[in-house]
Amino acid sequence: MNAKFRLSVAACLFCAIASILDAQVLTSTVIGKVTDESGLPMPGATIAITSPQMIKAQEIRVTNTQGEYRATALPPGTYTITFEMSGFGTIVREGIVLASGATIAVDAVMRVASVEQTVTVVGRSPMVDVASTKVGTTLNSEQLANIPTARTYNALLATAPGVTLSTTTAGASPTYSVLGSAVVSNTYLMDGLDISDPYSNTPNLFLPQDMFQEVQVNTAGFSAEFGNVEGGVFNFVTKSGSNEWTGDTSYYVQDKSLQSNNIDASLRDQGVKVGTATTKLGDFSASIGGPLMKDRLWIYATGRYYDAKNTVAGFTAQTQDVWHAPAFVKGTSQLTSGNRLEVGYQHRNGSYFPENASLYTNDDPRTWRRWNQNENTLNANYTSVLSDRTVVTARVGFARHNRGGEFPNSDDKTGQQDMATGVRCCGWITLQGMQWRRGTRANASLSHFAANLLGGSHQLKTGFEADFNQGGRDSIWPEDMFMQTYNGAPYRVVLYNTPRIGASDNVTIYSGYAQDEWSIKRVTINPGLRFDHSEAWLPAQSSPGGKWFGPDSYSEMRGIVNIMTVSPRIGFVVDIIGNHKSIFKASYGRYDGSMRTQNIPNPNSSGAQTWTWKDLNGDNYFEAGEQGTLISDTTGGAAYAKVDPNLKTPRTDAYTIEFEYQMREDLALSVTATYKKGKNFGSTVYQNIPYSAYNPVTTTDPLTGQPITFYVLQPAYRGLKAIQYLTNPTDMGAEQSRYKGVEFLVRKRMSAKWQLQASLNLSKSEDNFTQGILDSLQLLASPRAAGGNRSNPNSMVNAFGRSQYDRPFLLKLMGSYLMPHGVMVSGSLLSMSGLPYARIVRFLKADFPQMVVESYVDVWAEPNGTERYHAMTALDLRAEKQFEFGGRRLGVMADVFNVMNGNTVASYTSTNVSQKGYESPNDIQPPRALRLGIRFSF
């Protein structure tokens, strides 16, 4: 009874909040003014708004006493707006394109008509947002259909201005840095609801491209409705049905016989036998949508089967097999004239094998891992238009994702790694077990327009969001151990406290915000304020004992992290000459980073003791009793989960200035300058092994002869059980970042048979948290993108440098041209600086008597960015011919990727001068390849 009562109260509270709050804007707004030929306002004019994307037949508005009108909650799409008034000629504006979250102005000048007449205006769609300070672009349906890409959301995001891709590897799942921010600093939305992985805050889904109506990429200048984001906001707006049944099916094929070979003599001299390429591809998809009840109930469904074989540089044993089977279904219902409900469900199964294909696993199939993924997401969106001034929305989503790896060739045997060369052999080389993500997200909203208040009009917003996220995992390992050799000789053994069952990390976030668009004549002021409260907590947990350690159990732990952040935002938009075409924008925002479940120290996590290995019987296989000296202990326990009570979330202060100008009805350009400074980046240290436990050793860089200092652990700290401590470290300098850049963007809508988007980003991005150093203690200092760990001072040697994904030059072009005979030619050009890197040097115990505990120490010999991979340019082209018959269309297309057959090396297997694979090409630009496709639609 009490549980039911609490549930009822929670439901009532949510509904009450929904009536007074606002959330991420998914729909669009049209505003405008109707005047006569003398410029006087015309009250009482009727405006009819129609679109195939609207489930309602039309929206009707009437101008007020100032001749103004506004229409809100319009789904993205292409619209027709009709202006009518008795005694005046009718004006029809066709081809008005609305992007999600945009506010555009469509005015009309009506002329007296002696007889009934209608003037139709085509192709004069506004291209600038006259109210918002957000910086970004929208990939519309024409671009999604025509531009040659790999047909994944990864490839789509890579075309957006200011977005830096982490890899070019075929079949890989890249991550993205946006205007210098870390890859974990982005937010991924589907229909306005967060679908980011709660563990890593990276993309969590393999979304089929055919399900997108448009893709929004916002990179800066966010309003207060967007929180927990320091990088970019990617919003995938899904398709709906329509009042007519439509559908399409397509099939794409790619084969080794349809591609070139870009491995030249220079690469062969570096030992490269195969490069990065897709040698076989089958990609089938089908979609259908239409009315179950016209103007009342629509349905849309799409499915895809993707099966590819890829080669990986350094891995010659076989191809990497990748397959995905995603599906999506969405229902849209106009419940009443002002109430709309949308429900979407997404599912995907997928697999990679071997997922860990590399130079280090090439020689032994027992080390090859198959990675399996299963994903399910359910979203519901409710919109209620109370009037042309007030809109209520509520959204709720549920995500259930499972993933895990297996070593099918290992016979469940443990593996080995040679610490000198990096080569793996013999069996399992990483912990395995099921991983799961559980997310329940809800937001509620109200948007209200108030005219004639404080000297202007106000678009008032206020909102509430609730996120309940869980990341969990089982950790198992055969014989609960992993062996290490050094140049083939027994070296050390890692004894794990596995199996660990049901390790679960939970983060609960409650957020609220208030935002205003205060318009006074030609100036719009956008003040906003956001509040976020984050709590990290652990449920009761237990794990059985294994071969080396006994069972453990832990009680529920609440409030491990409890943080409240306040984020102010302010922006200005100036319509310079009052024609809605020349816009100046400026903004400042404070953006607090998200709390991820992987950040939470959990006593039920897997840990290990590292011992020297005395191979007494000489069989090169560890057995009980062959432990030598205890080197390190990270097995955790109740004292393991410690967090600084004064912990702060990462914070970025960002400033933007933008000038946007619509030169013609179909052409706009913008210039944007951005400056960002970040601080409070949290990292994990070992509380009982502080930096003062290390002694500095100054020597010379063996390659340059320059002085360099590294750090060795004092013998008194050898073998201590490490206490992991999450904090904002300041030893050897607090973590920080800074970015400054300018972006030039030109957009040309499809008209006169062609369209174009061109962007150029010139930038400099620096930080001191991208360096990851491994010493022979296995106390790992990882990049922030991998969890944030500054466990020893070697991680901070030469730490400040260029950011991990810093690309000072980034040029992107994409466009289409309709040639004679109905042949559509499209292309995409990418030209960018190579990523930065720095040499790692290794110092051996044999050369330094001060090194009592470690056998070796690796440090960065120079700041990141001292070295840089080569710049890369890639041109992709498509030609498509469509044949129409009986209302049906058949398209035949050919895509050519990497037309110039470039072979730029994007990364090396290792930058450690002492390791196998040093400066050996690892990620090579895929060769020129032809992909053939056929598409049928009705």
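This report covers strand pairing, one cavity and some backbone features of a predicted model.

## The run from β40 to β42

Strand β40 spans residues 651–664, and strand β41 spans residues 667–679. The two run antiparallel and are joined by 13 bridges. One of the paired positions is Phe659, whose bridge partner in β41 is Val671. The link from β40 to β41 is a hairpin of two residues.

Strand β41 also pairs with β46, residues 737–751. Here 12 bridges join the strands, again in the antiparallel sense. Ala673 faces Val742 of β46 in this pairing. Thus β41 has antiparallel bridges to β40 and to β46.

The chain then passes through the loop between β41 and β42, where Asn680 is placed. Asn680 is not a glycine, yet its phi is positive, at about 65°. Its relative accessibility is 18%, so Asn680 counts as buried, the limit being under 20%.

## A three-strand open sheet

Strand β42 belongs to an open sheet of three strands. The order is β39-β45-β42, and the pairing is mixed. β39 (642–643) and β42 (683–686) are the edge strands. Each has a single partner strand, so one side of each has no neighbour in the sheet.

The contact between β42 and β45 is antiparallel and uses four bridges. Strand β45 covers residues 724–727. Within this pairing, Tyr686 has Gln724 of β45 as its bridge partner.

## The second largest cavity

The structure has 16 cavities of 30 Å³ or more. Attention here goes to the second largest, which holds about 310 Å³ of space. Which residues lie nearest its centre? They are Thr187, Asp194, Gly227, Asn228 and Asp467. The full lining of this cavity has 27 residues.

Four strands each give at least two residues to that lining: β13 (187–190), β14 (193–194), β26 (435–453) and β27 (456–475). How does the lining divide by class? It has 11 polar, nine nonpolar and seven charged residues.

## A loop after β27

Strand β27, one of the strands that supply the cavity lining, is followed by a loop that leads to β28 (481–486). Glu479 lies in this loop. Its phi is near 60°, a positive value in a residue other than glycine.

Is Glu479 buried or partly exposed? Its relative accessibility is 29%, so Glu479 counts as partly exposed. Asn680 also has a positive phi, but Asn680 counts as buried at 18%.

## Cis peptide bonds

Two peptide bonds that lead into proline are described here. The bond from Phe353 to Pro354 is cis, with omega near -15°. Pro354 sits in the loop between β21 (339–353) and β22 (370–385). Phe353 is thus the end residue in the range of β21.

The bond that joins Thr498 and Pro499 is cis as well, with omega about 0°. Where does Pro499 lie? Its place is the loop between β29 (489–496) and β30 (500–520).

Terms used. Residues are numbered from 1 along each chain as its sequence is written. This is a predicted model: local features need pLDDT of at least 70, side-chain atom pairs count only at pLDDT 80 or more; totals for chains, interfaces and linings use all residues. Side-chain values use heavy atoms; hydrogens and water are left out. Two strands pair if DSSP finds at least two bridges between them. On a 1 Å grid over the protein atoms alone, a cavity is a set of points where a 1.4 Å probe fits but cannot get out, and a pocket is an open set with protein on both sides within 12 Å along at least five of seven lines; lining residues have an atom within 4 Å of a point. Grid points are joined across faces, edges and corners, and a volume is the space filled by probe spheres set on the points. Ala, Val, Leu, Ile, Met, Phe, Trp, Tyr, Cys and Pro count as nonpolar, Asp, Glu, Lys and Arg as charged, and the others, Gly among them, as polar. Buried means under 20% relative accessible area, exposed over 50%, partly exposed in between (1.4 Å probe, protein chains only).
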